[in-house]
Amino acid sequence: MDLRRTIEELTGRSVARLSPLGGGCIADVRRVDFADGLAPAVVKHDDGSAASTLECEAFMLRYLARRSRLPAPEVLAAGRGVLLLSFVETSGGITTDAQRHAAELLADLHAISPEPPNERRFGFERDTVIGPLPQPNGWMDRWTDFFRERRLLPMAETARRRGGISGATLERLERLAARLGELINEPAHPSLIHGDVWSGNVLCREGRVAAFIDPAIAYAHPEQELAFTTLFGTFGRAFFDRYRELRPIPPGFDDGPRPRRDVYNLYPLLVHA
């Protein structure tokens, strides 16, 4: 692919420079500086084998822009294995102030329910992706069933098929999945979640969250999102103290003999496996 020419055809602007950026486990990621000196962009591109993944990312970002106030990159153009996004300026890491701001943003996101006729159901209007992996989202009436049938078991089967876990581990996960009703609870309503909140996907600037990137959205239990923020130490006490001021988290999420957080984190662990 002549990336420079493709960008110029998609935007009608002349490209002055392409510079590598960090990240990009799915596709190559570069900063685009234009000859007109106006705002730069970010381009993700691949050889076409993951074109559907980039198309899905564009769809999810546009959906978040339409239905939420969550800060995220704007989709400038998409096509032919290329996704062009607005460039987000960053400075500094995830400070205490940024954690509190993230709590406010995610609490606001989690207040969003599905549109009719699925306002009481879990899932999404289409299947999505988390990283390079498919994420099925067929609507279901109960959260426990959804987490079992659309999250835990499909990803466990994918991990086993690709050699990430053993057959014995898959059997243990299947036994646990049969008992999910004892281990997690039903939320008051389905919530829109970003789905992949870890430090690499949280861009900050001057003590505020500038953008959440690389979404894996669905209407789910917000505790799935909250759990993932703890897996790699993305957020801590400052985040949870502020979040609890805005939205309740029932007891047993991160305390007691069987914290629900640990059950939910089986899903991202299987993604990594």
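1. Helices, at least four residues long, and strands, at least two, are DSSP runs numbered from the N terminus. The model is a predicted one. With that numbering, α7 is followed by G233, whose phi is positive, near 70°.

2. The helix before that glycine, α7, spans residues 222–231. How many of the residues of α7 are buried? Eight of its 10 are, so α7 is mostly covered, buried here meaning under 20% relative accessible area. The buried residues of α7 are P222, E223, Q224, E225, L226, A227, F228 and T229.

3. Helix α8 covers residues 237–246. Its buried residues include A238, F239 and F240, together with R242 and Y243. Among the elements that cover the buried residues of α8 are α3 and α7.

4. The packing of α3 (96–110) against α8 can be described in some detail. The two helices meet at an angle of about 35°, and their axes are 8 Å apart. The crossing of α3 past α8 is right-handed. On the α3 side the contact involves T96, Q99, R100, A102, A103, E104, L106, A107 and H110. On the α8 side it involves R237, A238, F239, R242, Y243, E245 and L246. Sorted by class, the contact of α3 with α8 has eight nonpolar, three polar and five charged residues. As a rule, an α-helix has 3.6 residues a turn, so residues three or four places apart point the same way. In α3, the contact list includes T96, R100, A103 and A107.

5. Aromatic pairs come next. The whole structure holds 17 of them. One is formed by F59 and F124, which are edge-to-face, with 6.2 Å centre to centre and 75° between the planes. F59 belongs to helix α2 (residues 51–67) and F124 to the loop between α3 and β6 (128–130), so this pair ties together parts 65 residues apart in sequence. Are these two rings buried or exposed? F59 is partly exposed, at 23% relative accessible area, whereas F124 is buried, at 3% relative accessibility.

6. A second pair is made by W198 and F232. Why is it edge-to-face? The ring planes stand at 70°, and over 60 counts as edge-to-face; the ring centres are 6.5 Å apart. W198 sits in the loop between β8 (191–193) and β9 (202–205), and F232 in the loop between α7 and α8, so that the pair links parts of the chain 34 residues apart. W198 is partly exposed, with a relative accessible area of 34%. F232 is partly exposed too, at 40% relative accessibility.

7. Ring pairs also build a cluster. Which residues does it contain? They are F59, Y63, F124, W139 and Y219. F59 has a charged partner as well: R126 lies over the face of its ring, at 4.7 Å from the ring centre. Another arginine, R13, has its charged end over the ring of F34, 3.7 Å from the centre of that ring.

8. R148 is placed in helix α4 (residues 143–161). Is R148 buried or exposed? With a relative accessibility of 15%, R148 counts as buried, because buried means under 20%. Apart from neighbours within four places in sequence, R148 is in contact with L153, P154, A177, A178, L180 and G181. R148 and R179 are 31 residues apart in sequence, and their C-alpha atoms are 9.6 Å apart in space.

9. The backbone has some further points to check. Where is the cis peptide bond? It joins P116 and P117, and its omega is about 10°. P117 is in the loop between α3 and β6, and F124 lies in the loop between these elements too.

10. Positive phi values also occur in residues other than glycine. E206 has a phi near 55°; it is found in the loop between β9 and β10 (208–212). E206 is exposed, with a relative accessible area of 70%. D214, also not a glycine, has a positive phi of about 50°. D214 is in the loop between β10 and β11 (218–220). At 27% relative accessibility, D214 is partly exposed.

Note on methods: Residues numbered from 1 in each chain as written. Predicted model: local features only at pLDDT ≥ 70, side-chain atom pairs only at ≥ 80, totals over all residues. Heavy atoms only, no water. Phe/Tyr/Trp six-rings, centres within 6.5 Å; stacked < 30°, edge-to-face > 60°. Buried < 20%, exposed > 50% of the residue type's maximum accessible area, 1.4 Å probe, protein only. Lys NZ or Arg CZ within 6 Å of the ring centre and 35° of its normal. Axes fitted to C-alpha atoms, helices over the stretch in contact; angles between N-to-C directions. Left-handed = near helix turned anticlockwise from the far one by under 90°. Contact = heavy atoms within 4.5 Å. Nonpolar A, V, L, I, M, F, W, Y, C, P; charged D, E, K, R; others polar.
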